[in-house]
Amino acid sequence: MAGRDLDSREIAAADLVVSMIGGRAVPKDGGDAPEKTVDFLIEDLPNLRTAALEVTSIADPKVVSQLQAAFGRTWSSPDLSLIWTVALSRSDPNQNITRLVKTMTPLLVMFEREGETKVEVDYSPRYQAKPAGIKDEMHEARITMFDNRVSRAQVWNTPQQGKHGEILFMIREGVSSDPGLLNDLVADRAKKKVDKLRATEATERHLLIWMDSTYPSAELAFATHPPPPAPSIPKDVDIVWLVEPIGWPNDVRIWRLQRLGQWEVLNPPEEYTLKL
């Protein structure tokens with residue numbers, strides 16, 4: 001969509017790609033930009049190269065709407081600056097969501113302050129040694145999550161300008177890994193964005209896809225498996241980056257796919273810091 005401000009995830013995507021390939025990211029899809037304008041053009045690359053960068057997400061707007069409607073309302077708070085997904089470990093008809101919001105909101109505020117973007121609690125932290133480098137209050141927060149049957153809290157996105165942060169609830173149970181679905185979602189996003197990339201005169205065309213929690217089985221494949229055989233992507237997409245924040249201290253999981261190649265697992269530069 002042209003003629004709008006880039007959001008923080010788009011800016012973070014450009015920062016990440018520049019940290020990996022060099023150059024300087026110049027925003028393009030804003031103001032009076034025409035349709036089919038890519039989000040960024042990365043300039044000042046070696047050998048007079050330029051790279052077009054388009055940013056998208058695995059998330060389906062229909063799934064987002066379902067999450068926002070979960071439990072009957074949107075749970076926003078002026079204390080939150082980000083939109084969080086909070087996953088319950090199992091469905092519980094006796095769960096008091098209003099009370100859970102009051103419990104989770106100060107924890108999420110603390111996570112934001114400490115720069116945590118993804119917190120997972122699969123086993124009780126109460127009977128485990130506190131990990132090195134974790135503050136006492138952060139360890140207590142994980143215990144509180146477990147006690148309230150919350151298995152994950154993860155940053156989803158930033159709210160629109162003038163809007164508060166909010167909590168989106170989802171149920172996380174009975175999930176199995178599905179690398180085929182993961183590849184299908186990547187291929188689908190590439191097909192939807194290829195026209196914008198095709199329209200650019202850049203020497204390289206990059207697509208960065210943020211992994212989200214709306215497809216837990218695909219996310220599990222991304223988190224726990226070696227990469228599957230690569231999907232087929234359109235010929236006008238040279239490189240696909242699949243990225244997910246994986247929590248404190250602002251780490252990211254990165255897969256890269258070059259056209260006609262296979263998935264590669266990469267690490268960000270040591271000095272890189274994710275800023276959402």
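Visitor: A residue is buried under 20% relative accessible area, exposed over 50%, and partly exposed in between. Is Lys 192 buried or exposed?

Guide: The model is a predicted one. Lys 192 has a relative accessible area of 59%. The cut-off for the upper class is over 50%, so Lys 192 counts as exposed.

Visitor: With which residue does Lys 192 form a salt bridge?

Guide: The partner lies with Lys 192 in helix α5 (residues 179-198), four residues apart, about one turn of the helix. At 27% relative accessibility, that partner counts as partly exposed. The closest N and O atoms are 3.3 Å apart, and the residue is Asp 188.

Visitor: How many salt bridges does the structure hold?

Guide: The pair of Lys 192 and Asp 188 is one of them. Others are joined up: Lys 118, Glu 120, Arg 152, Glu 219, Glu 244 and Arg 253 are linked in a network of salt bridges. The count for the structure is 22.

Visitor: How many residues apart are Arg 24 and Glu 43?

Guide: Arg 24 and Glu 43 form a salt bridge, with 2.8 Å between the closest N and O atoms. Arg 24 is partly exposed, because its relative accessibility is 43%. The pair links distant parts of the chain, strand β1 (residues 24-27) and strand β2 (residues 40-43), and the separation in residues is 19.

Visitor: Is Glu 204 buried or exposed?

Guide: Glu 204 forms a salt bridge with Arg 49, the closest N and O atoms being 2.6 Å apart. Arg 49 sits in the loop between β2 and β3 (51-57), while Glu 204 belongs to strand β9 (residues 204-210), 155 residues apart. Arg 49, at 25% relative accessibility, counts as partly exposed. Glu 204 has a relative accessible area of 17%, so Glu 204 is buried.

Visitor: Which strands stand at the edges of the sheet?

Guide: The sheet is open, has five strands with mixed pairing, and follows the order β4-β8-β5-β7-β6. A strand at an edge has a single partner strand, so one side of it is left without a neighbour in the sheet. The strands in question are β4 (75-77) and β6 (118-120).

Visitor: Which residue in β8 stands opposite Ser 76?

Guide: Strand β4 is joined to strand β8 (residues 165-171) by three bridges, and the two run antiparallel. Across from Ser 76 in β8 is Glu 166.

Visitor: What angle does helix α4 make with the direction of β7?

Guide: Helix α4 (residues 136-147) packs on the sheet and touches β6 and β7 (150-157). Its direction and that of β7 make about 110°.

Visitor: How is the aromatic pair of Trp 84 and Phe 111 classed, and what is the angle between the planes?

Guide: Trp 84 lies in strand β5 (residues 83-88) and Phe 111 in helix α3 (residues 97-114), so the pair ties together parts that are 27 residues apart in sequence. Trp 84 is buried, because its relative accessible area is 0%, and Phe 111, at 0% relative accessibility, counts as buried too. The centres are 6.2 Å apart, the pair is tilted, and the angle is 50°.

Visitor: Which residues form one aromatic cluster?

Guide: Trp 255 and Trp 263 have ring centres 5.5 Å apart and planes at 55°, so that pair is tilted. Both Trp 255 and Trp 263 are buried. The charged end of Arg 253 sits over the ring of Phe 222, 5.7 Å from its centre. The cluster is formed by Phe 222, Trp 255 and Trp 263.

Key. Residues numbered from 1 in each chain as written. Predicted model: local features only at pLDDT ≥ 70, side-chain atom pairs only at ≥ 80, totals over all residues. Heavy atoms only, no water. Pairing = 2+ DSSP bridges. Contact = heavy atoms within 4.5 Å. Axes fitted to C-alpha atoms, helices over the stretch in contact; angles between N-to-C directions. Salt bridge = Lys/Arg side-chain N within 4 Å of Asp/Glu carboxyl O. Buried < 20%, exposed > 50% of the residue type's maximum accessible area, 1.4 Å probe, protein only. Phe/Tyr/Trp six-rings, centres within 6.5 Å; stacked < 30°, edge-to-face > 60°. Lys NZ or Arg CZ within 6 Å of the ring centre and 35° of its normal.
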